[in-house]
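Welcome! Let's take a friendly look at some aromatic rings together.

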Amino acid sequence: MAEITHPIIHPYYESHRGAMEAAMRQRLALAETMLREQAQLPDIDAIRQEVMGEFDIVLTQMPYVGGAASRMSDFFMRLLGFIAISRVLRRHGVALSVIGDIERETYKAELLSLPEAERLTSGNQFMSAENQALLREQAAQSATASHQQEFPQDFVYEFVEPGPGDKFEFGINYKACGFCKFAACHGDKEILPNICGLDFVAYAARGIRLERTQTLAGGASHCDFRFSKLTVG
């Protein structure tokens, strides 16, 4: 009898699996009303089971890009779960626009469940001079041939300094996107723009204003992220 082989989850993601699965369960709980009313899916228990099964598949597909040494590992761990949700909802005939609305509202609710002080402290840390220095360093590393050869599914990006008249504090131009590469490998291009839409929610929850006029997923040469602090009032 032929031996049955099971897809392997990278050890780094396996070590974080419990936290990622807990986040998925929280998202599904937060999305329950929207799944019933907007997606017209009455059997939430079945959807929950199907999504968690799909997430098991996503975990085996999640590319390793350096673990704790790479800031992009956290992006994959936080956002690729929404690929599982999108896949399942599309199989049930839910429109892409409805999926996008559900995922943005769910992610917003998830982030806003954290204490405001914790969120704003995280935002201040992201905008700090120390983090900008780290971003410059990792951006330069991402563009090297050796890094791209070792981690071909990683992002490639450059740090952008503001010029005269610019109102943003700093920017990042993503020249290659790990989510785009993932979508191309696994047939998820249709649902990719909904993942891009989560960025605005993620930064706003931390008191950061994100401006972006184009994306790789939309056919542009790069994604132009521009960051500044949100003004209240």
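A charge sits over a ring if NZ of Lys or CZ of Arg is within 6 Å of the ring centre and within 35 degrees of the ring normal. This is a predicted model, in which local features need pLDDT of at least 70, side-chain atom pairs count only at pLDDT 80 or more, and totals for chains, interfaces and linings use all residues. Residues are numbered from 1 along each chain as its sequence is written, and side-chain values use heavy atoms, with hydrogens and water left out.

Q: Over the ring of which residue does the charged end of Arg226 sit?
A: Take the charged end of Arg226 and look for the ring beneath it. The distance to the ring centre is 5.3 Å, and the ring belongs to Phe168.

Q: How many aromatic pairs are there?
A: Rings of Phe, Tyr and Trp (its six-membered ring) pair if their centres lie within 6.5 Å; planes under 30 degrees apart count as stacked, over 60 as edge-to-face and the rest as tilted. By this rule, the number of aromatic pairs is 17.

Q: Why is the pair of Phe76 and Phe179 classed as it is?
A: The ring centres of Phe76 and Phe179 are 5.3 Å apart. Their planes meet at 70°, so the pair is edge-to-face.

Q: Are Tyr203 and Phe227 buried or exposed?
A: These two rings form a tilted pair, with 4.9 Å centre to centre and 55° between the planes. Buried means under 20% relative accessible area, exposed over 50%, partly exposed in between (1.4 Å probe, protein chains only). Tyr203 and Phe227 are both buried.
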